[in-house]
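Work through the exercises below with the structure open. Try each task before you read its solution.

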Amino acid sequence: MHDAVWLNANLATMTPHGAIVDGALAVRQGRISWVGPRSAWKDKAHEEHDARGAWMLPGFVDCHTHLVYAGTRAHEFELRLQGASYEDIAKAGGGIVSTVRATRSASEAELLALAQKRLERWIAEGTAVIEVKSGYGLDRETELKMLRVARRLGGVTVKTTFLGAHAVPEEYKGRADAYIDLVRKEVLPAAEAEKLVDAVDAFCERIAFNRHQTARVFTAAEKLKLPVKLHADQLSDLGGAALAAKHGALSADHLEYTSDSGVEAMARARTVAVLLPGAFYFLRETRLPPIAALRRHRVPIALGTDHNPGSSPLSSPLLAMNLACTLFHLTPDEALAGFTINGARALGMQETHGSLEVGKAADLALWEVEAPAELAYAIGANPCVGRIRLYASAQIGSGP
Ligand SMILES: [Zn+2]
């Protein structure tokens, strides 16, 4: 006996089997227990729901955000429109450093209220999982505060990523190696001791950390048996993608300047490519990520909003999908996979999320569209008409 069944639903399964028109999907104890054409449904369920011809998809997985922060950077937007570059602003003491100042002085309760309010926009668009990075503290106290706030967010499953190596804080100016020592020896171990870290990330770029410094963060993560990810090759080719692959990273993110050999290394290491069209659009970048090479080498492509106050103030998975299609020439199917199965892969959650398959989380969304491609096509529309969220509550009851 199943707990509930949805009939009269079209199912975008996000598996190689494709879509099931006029399907049925049942759940038991927070997990999907039956998927198939309605005509084949012969079982029984305690509750029977009519999906009224809506499309059912797995809840979205946004695998790259910087959702927890205080302050706004609208003024920098004005400056950039007058001709200043992202690097100019960073060198002039703006950029990440100004968000660090605001985030350090905000209380945990203030940060939580701000982030939860932002998160409601993802929830309204059928999101099941969101990844949230630290990286606006750049000191022990604030990095841990950000991760605690992320863990307290409600309404979705949260994955936390430690990004202590996001930028060199002002008090370590000119002493990046000493700051990396602090991250490795003090801040990351303290965050891990509080069980606040699901993965470790770094920003490998001319305006942040070099390959050697990044590798030192990775080896510290490996000692703690934590998976790694990387902000790689966004503004220049520092070989970040290949470095991430060498360390078996879950994902390498951005990738605008990644070379063919970087893509090959990712394919060998099964590292997911996370593309972030919001930052590309907002910074008016022109160098496209190597989409053809990623396809040729069958590297899974995930998408994220990269929500952050400086380079991607984007709060909409749907708009991110549209941008990925218009700017990066992804197909709508690729964009949907980017926010479902491949987003789950980028977080190491592909066994439980990202597709409609028996055994996976009953964390789903219903969409009033004629075809799933409409989700990547429309700009500024939100046809989400329902969420089914039974997985999280079932997990709470079942213990560790
Ligand atoms: Zn980012």
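Are histidine 66 and aspartate 306 buried or exposed? Histidine 66 is buried, and aspartate 306 is buried too. The model is a predicted one.

**Exercise 1. The zinc site**

Task: list the residues that coordinate the zinc ion, then describe their arrangement.

Solution.
- Step 1. Find the donors. They are His64 (NE2), His66 (NE2), His231 (NE2) and Asp306 (OD), at 2.1 to 2.6 Å.
- Step 2. Read their spacing in sequence. The pattern is H-x1-H-x164-H-x74-D.
- Step 3. Place two of them on the chain. Histidine 66 sits in the loop between strand S6 (60–62) and helix H1 (74–81), and aspartate 306 in the loop between strand S13 (301–303) and helix H12 (317–328). The pair is 240 residues apart, so it links distant parts of the chain.- Step 4. Check the angles. The 4 donor atoms around the zinc ion subtend 81 to 166°, which makes the arrangement irregular.

**Exercise 2. Histidine 231**

Task: where is histidine 231 found, and what does its side chain meet in a polar contact?

Solution.
- Step 1. Locate the residue. Histidine 231 is in strand S10 (residues 229–232).
- Step 2. Judge its exposure. Its relative accessibility is 4%, so histidine 231 counts as buried.
- Step 3. Look for the polar partner. The side chains of histidine 231 and aspartate 201 are joined by a polar contact of 3.2 Å.
- Step 4. Scan beyond the neighbours within four places in sequence. The contacts of histidine 231 include His64, His66, Lys133, Asp201 and His254.

**Exercise 3. Salt bridges**

Task: which residue forms a salt bridge with lysine 133, and which residues share a salt-bridge network?

Solution.
- Step 1. Start with the total. There are 18 salt bridges.
- Step 2. Take lysine 133. Its side chain meets that of aspartate 201 in a salt bridge of 2.8 Å, N to O.
- Step 3. Place the partners. Lysine 133 lies in strand S7 (residues 127–133) and aspartate 201 in strand S9 (residues 199–204), so the pair ties together parts that are 68 residues apart in sequence. Both residues are buried.
- Step 4. Find the network. Salt bridges with shared partners join Glu108, Arg148, Arg152 and Glu194.
- Step 5. Zoom in on one link. Glutamate 108 and arginine 152 form a salt bridge of 3.2 Å, N to O. Glutamate 108 is in helix H4 (residues 108–124), and arginine 152 is in helix H5 (residues 140–152).
- Step 6. Judge glutamate 108. It counts as partly exposed because its relative accessibility is 24%.

**Exercise 4. Aspartate 233**

Task: which backbone nitrogens does the side chain of aspartate 233 reach?

Solution.
- Step 1. Locate aspartate 233. It lies in the loop between S10 and helix H8 (240–246).
- Step 2. Judge its exposure. At 1% relative accessibility, aspartate 233 counts as buried.
- Step 3. Trace the side chain. It reaches the backbone nitrogen of leucine 238 at 3.4 Å. A polar atom of this side chain also lies 3.2 Å from the backbone nitrogen of alanine 241.

**Exercise 5. The nonpolar cores**

Task: which helix gives the largest share of the largest nonpolar core?

Solution.
- Step 1. Start with the core itself. It has 99 residues. Among the members that touch the most others are Phe162, Val200 and Trp367.
- Step 2. Look at its helices. Helix H6 (residues 176–193) gives the largest share, 9 residues.
- Step 3. Follow one member. Beyond its neighbours within four places in sequence, valine 200 has contacts that include Phe162, Leu188 and Val217.
- Step 4. Turn to the second core. It is separate, has 16 residues and includes Trp6 and Leu356.

How values were computed: Residues numbered from 1 in each chain as written. Predicted model: local features only at pLDDT ≥ 70, side-chain atom pairs only at ≥ 80, totals over all residues. Heavy atoms only, no water. Core = buried A, V, L, I, M, F, W, Y, C linked by side-chain atoms within 4.5 Å. Buried < 20%, exposed > 50% of the residue type's maximum accessible area, 1.4 Å probe, protein only. Helix = DSSP H or I, 4+ residues; strand = E, 2+ residues; numbered from the N terminus. Contact = heavy atoms within 4.5 Å. Donors = N, O, S within 2.8 Å, 3.2 Å for Na, K, Ca; no water. Tetrahedral: all angles 85-135°; square planar, octahedral: opposite > 155°, others 65-115°. Polar contact = N/O pair within 3.5 Å; in protein donor to acceptor, adjacent residues only side chain to side chain. Salt bridge = Lys/Arg side-chain N within 4 Å of Asp/Glu carboxyl O.
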